[in-house]
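Work through the exercises below with the model open. Each task is followed by a worked solution.

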Amino acid sequence: MSKYIAVVGKRCVACGVCMNVCPKHAIKVENGIKAVVDKSLCIGCGICVKMCPAGIIDKAERRNHE
Amino acid sequence: MNKKKPWYDYLWIYTPVYLCLGMFNILFAWLGMIEFIVPLMISIFGGGKLFCNRYCGRGQLFDLLGNKLKLSRHQAPPKFLTSLWFRYGFLTFFMTMFILMILSSVQVFSGTQNLKEVVTILWTFKVPWQFAYHGTNYSMGIAQFAFGMYSIMLTSSLLGFITMLLYKPRSWCVYCPMGTMTQTICKLKKGGTSHGDAS
């Protein structure tokens, strides 16, 4: 498991940029409302953090149970 | 091995072609309705924000300019840009101007107003555009709508270009009225908005 994980903030605009750049296909825009991270696939690379146009994705330390 | 790009990855061509066509014949501006109707239809019929996620040519163009051509500063946008009050405020303003444009076209159609052969940039600056108008077999209202539509498309492209330069490549997506509208449709279809989203 990676040390870090992507966390999507409340102001997600569901543009899908994160979904399109994720190398592990770990983010999906759910129902056109919000991007959701699949914690089992996310490797915490931070590409989505860099690319998110709204700047609402953070890279956080993965907790033990995640 | 290079993976072949899907056809929809080339939709960025649509925006420059559209803007160029409008310089030769303003009636081509009617094609802009595609970008209004298709996203709405997709979200209404259960496709969510598939248009934004996959088929938005404008988003792809800004992505290309900002990332491939490295024109973007890649800075986080100011917080107000992502706030709901700004996004819905901009949507309201945008739709008000759109309705006023339709009313103006109706007035020309009914003969109570003359055709104005101008393109209005940023809802303020009127640029003479008679060189792209060669008459129409239909009502002048058709041409007036085309001038209005082209004004909207040019203005939104310009705003998107400026925010692409200043912030991140697809910063336009954050406050794009169509994006806000389709996300709202998705939320309503899902059964109300999440209260936690209010900002």
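Accessible areas come from the Shrake-Rupley method with a 1.4 Å probe, and for residues only the protein chains shown count as cover. The model is predicted: local features need pLDDT of at least 70, side-chain atom pairs count only at pLDDT 80 or more, and totals for chains, interfaces and linings use all residues. Residues are numbered from 1 along each chain as its sequence is written.

**Exercise 1.** State how much area chain A exposes and what share carbon and sulfur atoms supply.

Solution. Chain A exposes about 3600 Å². Carbon and sulfur atoms supply 52% of that area.

**Exercise 2.** Describe the fold pattern of chain A and judge its compactness.

Solution. Step one: helices (H or I, at least four residues) and strands (E, at least two) are DSSP runs, numbered from the N terminus. Along the sequence, chain A reads β-α-β-β-α-β. Step two: the radius of gyration, over C-alpha atoms, is 11 Å, close to the 11 Å that the globule rule gives for 66 residues, so chain A is as compact as a globular protein of that length. The rule is 2.2 Å times the number of residues to the power 0.38.

**Exercise 3.** Is helix α9 of chain B largely enclosed or not, and what does it pack against?

Solution. Step one: α9(B) covers residues 177–190. Step two: eleven of its 14 residues are buried (under 20% relative accessible area, 1.4 Å probe, protein chains only), so α9(B) is largely enclosed by the rest of the structure. Among them are B:Met178 and B:Ile185. Step three: the buried residues pack against α2, α3, α6 and α8 of chain B, where contact means heavy atoms within 4.5 Å.

Key. Chains are lettered from A and ligands numbered from 1 in the order in which they are written. Side-chain values use heavy atoms; hydrogens and water are left out. The expected span of a helix is 1.5 Å times one less than its number of residues. Buried means under 20% relative accessible area, exposed over 50%, partly exposed in between (1.4 Å probe, protein chains only).
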